[in-house]
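Student: Hi, I have a protein with a ligand to go through. Could you take me through it?

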Amino acid sequence: MDLKQLKIIVTGASSGMGAHFARRLAEAGAQVAAGDIDAAGLEALPAGVHRRRLDVSDEQDGANFVAWADRTMGGLNGLINNAGILRDGLLVKKDRQSGQIRKLARADWDAVIAVNLTGATLMAREVAARMLETDTRPGVIVNISSISRHGNRGQSNYTAAKAALAANTLTWARELGPSGIRVAAVAPGMVETPMTRGMNQKARDAAIERIPAGRIGLPEDIWLAVKFALECDYFTSRTVDVDGGLSF
Ligand code: NAP
């Protein structure tokens, strides 16, 4: 699809990759409805980008956002399902000194699943429902997964959510393909954003050393794959890893 024809929602658009995608889309002439739980952060987006606070894990809020985006842009034919959070922790850990067992907090499991999986699913559902209701085709949904979908130490919750999102990319592509809606996913490796800037410096440096491309990824690297997924009408169902060759 030509980017100029897009009327597209970007979630998690206040920061990092979401903000970059919204900016690039606006520059390319797309209409963009940007949402984020951090409403203040949306202010930094360029003029012309429509913006509104959005909590993807809140079913009603997501439905209201989609209706607003459709009204505001005079239609809706795209979604970048990008909002995400981290709450890392080992499944269980034994403290060497005290012998105490620490367990992954249930609240951390629930929080990551609520945003990264349930939230992304609810947004895809609402956007697809709106496209079917209005007979909009072609339509496109791009899910932002992660290479952690293959499994990664300390990320049970995140891995579960991102793997399920990649699997459902295929499920939704099969369900929605006959209605002219493509669903694809991009799975970034380690990308320079506020999410990774919060990492322990030693772990961050060690991970960067293992990247065959020789550097951490930039939002622009991921945008190139997202742009491909939006533009290529023959790309659907699949999740593409964009990770500089890093594997966990
Ligand atoms: P980021 O800079 O933290 O941006 C994520 C944005 O999503 C933040 O503005 C965040 O707001 C927002 N958000 C959190 N919960 C939300 C909710 N319930 N509803 C709406 N918005 C919400 O992270 P990023 O690195 O750009 O990540 C973007 C996506 O790429 C995420 O899905 C992430 O899992 C994925 N990813 C990132 C990397 C990486 O290395 N950076 C690698 C693989 C995949 P707050 O800041 O207020 O929480």
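Tutor: Happy to; we can start with the ground rules, then take the ligand, the fold and one loop.

Tutor: This is a predicted model, where local features need pLDDT of at least 70, side-chain atom pairs count only at pLDDT 80 or more, and totals for chains, interfaces and linings use all residues. Residues are numbered from 1 along each chain as its sequence is written, and side-chain values use heavy atoms, with hydrogens and water left out.

Student: Cool. How many residues surround the ligand, and which are the closest?

Tutor: The ligand is surrounded by 29 residues, each with a heavy atom within 4 Å of it. The closest are Ser15, Asp36, Asn82, Tyr158 and Thr193.

Student: And how does that shell divide into nonpolar, polar and charged?

Tutor: There are 14 nonpolar, 11 polar and 4 charged residues in the shell. Here Ala, Val, Leu, Ile, Met, Phe, Trp, Tyr, Cys and Pro count as nonpolar, Asp, Glu, Lys and Arg as charged, and the others, Gly among them, as polar.

Student: Which helix gives the most to the shell?

Tutor: H5 does, with 3 residues. Helices H1 (16–27), H4 (156–176) and H5 (194–197) each supply at least two; helices are DSSP runs of H or I with at least four residues, and strands are E runs of at least two, numbered from the N terminus.

Student: What about lysine 162: what does its side chain have 2.9 Å from the ligand?

Tutor: An N or O atom of the lysine 162 side chain lies 2.9 Å from a ligand oxygen atom. Aspartate 55 has a polar side-chain atom 2.9 Å from a ligand nitrogen atom, and a polar backbone atom of methionine 17 is 2.8 Å from a ligand oxygen atom. The cut-off for such N or O pairs is 3.5 Å.

Student: Switching topic: how many helices and strands?

Tutor: The protein has 7 helices and 9 strands. Its C-alpha trace spans about 60 × 40 × 35 Å along the principal axes.

Student: Anything odd in the backbone?

Tutor: Look at the loop between helix H3 (106–133) and strand E7 (139–144), the place of proline 138. The peptide bond from arginine 137 to proline 138 is cis, with omega near 0°. Aspartate 135 lies in that loop too, and its phi is near 55°, a positive value.

Student: Why point those out?

Tutor: Because most residues other than glycine have a negative phi, and most peptide bonds are trans.

Methods: A polar contact is a pair of N or O atoms within 3.5 Å; within protein, one must be able to donate a hydrogen and the other to accept it, and residues adjacent in sequence count only if both atoms are side-chain atoms.
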